[in-house]
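Colleague: I'm new to reading protein models and would like some help. Could we go through one together, a feature at a time?

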Amino acid sequence: MAKETHEFQAETKQLLDLMIHSIYTNHEIFLRELISNASDAIDKVHFESLTNRDILEGDDSFEIFLEPDAEAHTLTISDNGIGMSREEVIENIGTIAKSGTKAFMEQLKKAKEASESGENSTDKELIGQFGVGFYSAFMVADKVTIVTRKAGEKQATRWESTGDGSYSIEECEKEKRGTSITISLGKDFFGDASEENYTDTYKLESLVKKYSDYVRYPVKMNFTFEETPKDEDGKPIEGADKVKRVELRTLNSMQPLWTKNKSDIKDEEYEEFFKNQFHEWEKPMEVFHTHAEGSVEYTALLAIPAKAPFNLYHTDYEPGVQLYSRHVFIMDKCKDMLPDYLRFMKGLVDSPDLSLNISRELLQQSRELKTIGKALEKNILKALARKMKNKREDYEKFWNEFGKSLKIGVYNSMYAGSDTIDKLKDLLLFMSSKEGKLVSLKEYIERMPESQKKIYYATAKDKETIEQLPQMETLRDKGLEVLYLLDPVDEFCIETLREYEGKQFHSISRGDLDLDDAESQEVKKETEDIQKKNDDLMKDIKEALGDKVADVKVSARLKSSAVCLVADEAGPSLSMEQTFAEMNN
Ligand code: ADP
Ligand code: MG
C-alpha cells in the first residue's frame, strides 16, 4: 500500500495543539509514558505467548531499549512487545477513544486559560498527575516516527507526524516484532547546553530510575566511554589513542520491594527502602505491607515515620502517598487516598485497578481510590489501637510525634461532618493529674468514682500553672482526676468531642463543678443559703466591678483562696479566649 496522509480526529488535533503549546512544564514524563506503553505491549505478547508460543518467533527475552543519538538529535524507544497492525496504528494512535482524555483536556485548557489570564493555576500540578499517554511525546518532539510490526504478522507499518494536524502512514520493513518510537527532539531538548537534553545518557538513566524503576522488564541503554587502552596487566598504555568502549546497562531495578513476599523481606530492606525512596533518616516506627484482592486489587507499603517532619502542620507540607499502577509510577503525593489526620504516613500504593481510572478519569472521582483508602485507613487505625493496648510505651512515642494530627482530625470532623470522632476518640491521650501520665479517655472514665458525672479538664500552657489553680485544690482533695490540656489543640479537640461515653467534659475553670457526692450536695446547699443571705453584698460587688465581670457568686469550689475567676457556663473557656485573642493579633 502506498504512503497515505490522514487527518487527525478533531479531538486529537485539539489535544496535540494543547500538548505542543502547553504551559505544562513537566516535559520529562513523556519518557515514563512511552516506557509504560512499551511495558504494556510486552505484557500483552507475554500473555498471548502462554497459549501460543509461536507468537514469540523464538525471541522471549523481553526488553525495552533506549537509543539516544546526540548527532541526529533523536531518541528512540523500542520494545519487543505485541506491536500494532496498520489498522491498530490508525485506531490507537490517530484517535482519542478514551473518555478520560477528554477530562484531561478540559483540565489542560483551564490551566492554559488561567496562565494566559495571569492567574496562578494549581491545575498545572493536577495535570502532571495524569497519565497523558503517547501524545506527551509531542511536548519534546518536532516529529514522531513509529515503526511497528505486530507479533505473528509480516507487514510492518511506519507512522509519522509533526503533530500539526495530520500524519502519514505507509508499509515498511521491520525485522523484530514490536514497536520503535523515534522522537526527533525539538530545539530545546538536545545539546549539552540544554537543561533538558534527552540525548544525554545520564539524564535518561536518572529519569528511568525516577519514574520507571519498577517496570517489570529491563530498560536497557548503551553507555559509551572513551578510555585509554590497557595492557595485559590492566595498566593504561601511555601515549595510546583513546578507544571507545560500549557498555550495555539495565537502568531499572525491576523488582519492586513491595511485590516481594513479606516473609522474604528483611527489616533492613524496609528501612533502606523508606530511606531511599522517602528521604527518611531513621528506621520507621511501623511498616504496613498489605496486599488485597477483592473488589479492588492493590498492594500498599506504608510507614509511620520515626519522627514528625518539622513542617507537618504548616501549609507547605505536602501529605500523600505515591501511586503506582502495575509498578509504573503515576503520582507522587496523592492526598485523596488517606484522610488528612493520617497526613504523616509515608509510602505507596500500587494497584492495577488504578491505572484505568487515573489516566481516564479525574482522580478525585475514582471509586477504586476511595475503596483502597478506606481499607488502608481501617488497617492503620486498627494497628494503632493494638499498639496502644499492647505496646503502651511505643504508642506514647507515636502519640508524642503525631498525636496532634489525630487531635486536629477530631476538631476538623466538625467541617468534614464525618464519623471521624468515632474512629479517633479511643486513640486520644491527654496528660493527667494522676501520676503525671498520659491517659486515654477510656482509662479516665473506668477509674472515676460513681459519684463523678463529668470528665474534668483544665487548660494552661504548662502543668505548674494548672496545679496552682485554686479550683484544683477541691478536686485534688476529693481525689478526682483532671485532664491537663497543655496543647491549644487539646481544648478544640475536647470542645468538638463534647462528651465521651455519655460523660460530658467539664472545664474546672468554668461554672459549677457539679460534684454529686453527699458532701458536695451539702456544701452546695450551704452555699446557696449564703448566696441568698448575701444577695445585697454580691450586688454591690458586681456594681463596683462593672463591665469587668458577668456575675459574682459565692463559691463552694475554693479552699484556701479567697476568690477565683471562672469562665461563664456557656461561653468560651479562659484559655480558648486567649487562643482566639492570639489568633486575631
Ligand atoms: P494508554 O496507554 O492509556 O492506552 P496511550 O496514549 O499511551 O494510552 O496509548 C494509546 C494506545 O496506543 C495504547 O492503548 C496501545 O494500544 C497503543 N500503543 C502505544 N504504544 C504502544 C507500543 N509501544 N506497542 C504497542 N501498542 C502501543
Ligand atoms: Mg499509555
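Modeller: Gladly! Let's begin with a term we need for loops: strands are DSSP runs of E with at least two residues, numbered from the N terminus. Keep in mind, too, that this is a predicted model.

Colleague: Then where is E501 placed?

Modeller: E501 sits in the loop between β19 (499-500) and β20 (503-507). Its phi is positive, about 50 degrees, although E501 is not a glycine.

Colleague: Is E501 buried or exposed, and why?

Modeller: The idea is to count neighbours: a residue is exposed if 12 or fewer other C-beta atoms lie within 10 Å of its own, and buried at 20 or more. E501 counts as exposed because it has 12 C-beta neighbours inside 10 Å.

Colleague: Now M254: in which loop does M254 lie?

Modeller: M254 belongs to the loop between β9 (243-250) and α7 (267-278). M254 also has a positive phi, of about 70 degrees, and is not a glycine. With 16 other C-beta atoms within 10 Å, M254 is partly exposed.

Colleague: How do I read a sheet?

Modeller: In general, strands of a sheet pair through backbone hydrogen bonds, either parallel or antiparallel. Here, one open sheet has 5 strands in the order β10-β11-β14-β12-β13, and its pairing is mixed. At the edges are β10 (286-293) and β13 (328-334), each pairing on one side only. From one strand to the next, the twist averages 15 degrees.

Colleague: In which sense do β10 and β11 pair?

Modeller: β10 and β11 (residues 297-304) are antiparallel, joined over 8 bridges. To find the pairing on screen, look for E293, which stands opposite E297 in β11.

Colleague: What about the ligand? Which residues come nearest to ligand 1?

Modeller: For a ligand, start with the residues around it, then ask which elements supply them. There are 17 residues around ligand 1, and N37, A41, N92, G133 and F134 come nearest. Both α2 (29-49) and α3 (86-94) supply at least two residues of the shell; α2 gives the most, with 5 residues. By type, the shell divides into 6 nonpolar, 8 polar and 3 charged residues.

Colleague: And how many helices and strands does the whole chain have?

Modeller: The protein chain has 18 helices and 20 strands. Of its 585 residues, 34% are buried. Contacts add another view: among those between residues at least 6 apart in sequence, 70% join residues at least 24 apart.

Notes. Residues numbered from 1 in each chain as written. Chains lettered and ligands numbered in written order. Predicted model: local features only at pLDDT ≥ 70, side-chain atom pairs only at ≥ 80, totals over all residues. Near = placed C-beta within 6 Å. Helix = DSSP H or I, 4+ residues; strand = E, 2+ residues; numbered from the N terminus. Nonpolar A, V, L, I, M, F, W, Y, C, P; charged D, E, K, R; others polar. Pairing = 2+ DSSP bridges. Axes fitted to C-alpha atoms, helices over the stretch in contact; angles between N-to-C directions. Contact = placed C-beta atoms within 7 Å.
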